[in-house]
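Trainee: I have this model open and would like to understand one part of it properly. Could you take me through a single strand and its surroundings?

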Amino acid sequence: MNAGDRVRVTSAGVTNEGVLMPSSTDEYLVVKLDGGYNVGIERADADVDVLETDVYDIEDAQTDSDGTSEIEFDEDLPTISLISTGGTIASTVDYRTGAVTAQFDAEDVLRAVPDLAGRANYRGRVVANILSENMTTDVWVDLAEAIAEEIEAGADGVVVMHGTDTMQFSASAMSFMLDTPVPIVFTGSQRSADRPSSDNVMNAVCAVEAAKADAAEVMICMHASESDDVCALHEGTRVRKNHTSRRDAFQTIGAKPLGEVDYEAEEVTFRRDYTARGEQELALYSDLESGVELVKFTPGMDPAALDYLDDKAGLVIEGTGLGHIHTDLIPRIEELVEDGTVVVMTSQCLEGRVCDRVYDTGRDLLDAGVVEAGDTLPGTAKVKLMWALANHSDPADAMGRNLEGELTERSVPWE
């Protein structure tokens with residue numbers, strides 16, 4: 001018997017039937033049940049019947065000297081680069097220890113998500129193996145450079161597998177750091193692969209279909225609803241994770257999603273204008289200014305809480321409503337501006353835009369040198385300011401202009 005065979009396994013009077021999966025130890029068999037769960041069974045006590053061979057035909061990956069791996073199925077299929085930064089979407093479970101590991105090459109992905117087989121030729125590459133809350137600017141630089149190298153090597157699309165907690169920040173970073181001639185699609189998994197409600201298979205399949213499509217944009221591809229029918233394609237600079245655990249946690253803010261992928265029909269549909277495949281040449285802007293902070297104003301905030309911002313290159317504030325903070329904090333903000341810090345105002349509200357010309361507090365902030373960021377999301381504004389400080393001659397001016405879909409011309413109701 002081999003991984004990919006459909007088997008019936010009897011042990012200690014209990015019979016399980018499913019697909020034999022790769023195991024991290026010779027002592028255990030791992031069987032994926034029809035309900036979606038994986039079960040580990042001690043090999044020594046198991047009676048195994050092979051019901052069907054090669055249910056999933058997974059070829060060996062060829063690993064290059066640069067650490068990439070490749071599986072070719074058909075010369076007529078497009079080549080999709082699968083890049084991992086960590087997360088659970090392609091992780092495997094060691095049934096001896098119970099630990100989750102993220103061994104990752106093209107073969108590992110197809111073992112974790114065998115439904116990907118036959119859709120494309122795949123190249124696998126590891127940029128990092130971290131929990132997404134441990135994401136840093138250095139990893140963003142490595143990721144942008146890796147994506148550029150994969151595109152230069154002939155990838156027709158790129159899928160970045162990423163933990164969901166900070167995926168929106170990384171997608172924003174790639175939006176500013178790369179001009180891309182092909183789709184760059186982020187995806188992940190809210191629930192682990194051994195749960196029947198896991199979203200890893202559908203998200204990965206839909207992400208590959210989006211990476212084969214025509215929109216040369218940086219997108220996030222995740223469940224559009226709790227059902228296993230459609231994945232939404234969110235523009236990288238307009239998306240936010242709005243729920244801790246739901247499969248449809250990601251939502252486009254202030255606009256409709258860029259498009260969607262019908263999982264069953266394998267059809268990609270776009271609702272809004274986009275940059276077409278091949279419309280722009282590849283360009284990499286990998287410099288980032290790491291000395292940027294994002295601060296949320298709250299009532300009762302101690303002015304001393306801003307003392308650590310001395311010598312920071314940039315500051316993004318999440319203000320209340322139209323972009324306000326306590327008037328007692330404004331002199332401190334003015335000091336920062338006078339010392340060379342670019343201070344940008346965003347709003348804690350999910351909808352609408354900053355307008356500091358309505359109330360006295362807002363006018364005082366403008367007089368202090370604060371830059372309005374319109375309806376740019378606070379997290380996106382931080383990433384944009386990190387990029388603008390390193391790549392733009394007038395960062396304050398750049399923060400007031402739309403560069404990558406992050407700032408809409410005007411805020412209007414949407415459905």
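Mentor: Happy to. To set the scene, the protein has eight helices and 25 strands. Keep in mind as we go that this is a predicted model. Of its 415 residues, 50% count as buried. Among contacts between residues at least 6 apart in sequence, 68% join residues at least 24 apart. The accessible surface comes to about 18,200 Å², and 42% of that belongs to carbon and sulfur atoms.

Now let us zoom in on strand β12, which spans residues 157-161. Five of its five residues are buried. Look at the two faces in turn: G157, V159 and M161 lie on one side, V158 and V160 lie on the other, and all of these are buried.

Next, the strands beside β12. As a general point, strands of a sheet pair through backbone hydrogen bonds, in either a parallel or an antiparallel manner. One partner of β12 is β8, residues 79-84, and these two strands pair in the parallel sense over five bridges. To find the register in your viewer, pick V159 in β12 and you will see L82 opposite. Another partner is β14, residues 184-187, which runs parallel to β12 and is joined to it by four bridges. Here the pair to pick is V160, with F186 of β14 standing opposite.

F186 also leads us to a helix. Among the residues that F186 touches is S170, which lies in helix α3. Leaving aside residues up to four places away in sequence, S170 also touches M135, W140 and H162. S170 has a relative accessibility of 0%, so it counts as buried. The rest of α3, residues 167-177, is mostly covered as well: 10 of the helix's 11 residues are buried. Including S170, the buried ones are M167, Q168, A171, S172, A173, M174, S175, F176 and M177. F186 therefore gives you a handy link, as it stands opposite V160 of β12 and is in contact with S170 of α3, a residue that is buried at 0% relative accessibility.

For contrast in pairing sense, turn to another part of the model, where five strands form an open antiparallel sheet in the order β4-β3-β2-β1-β5. Its edge strands are β4 (38-42) and β5 (47-52), each pairing on one side only. From one strand to the next, the twist averages 45 degrees. Within this sheet, β3 (residues 28-33) pairs with β4 in the antiparallel sense over five bridges, and Y28 stands opposite E42 of β4.

Key:
Residues numbered from 1 in each chain as written. Predicted model: local features only at pLDDT ≥ 70, side-chain atom pairs only at ≥ 80, totals over all residues. Heavy atoms only, no water. Buried < 20%, exposed > 50% of the residue type's maximum accessible area, 1.4 Å probe, protein only. Pairing = 2+ DSSP bridges. Contact = heavy atoms within 4.5 Å. Areas by Shrake-Rupley, 256 points an atom, 1.4 Å probe, with all protein chains shown as cover. Axes fitted to C-alpha atoms, helices over the stretch in contact; angles between N-to-C directions.
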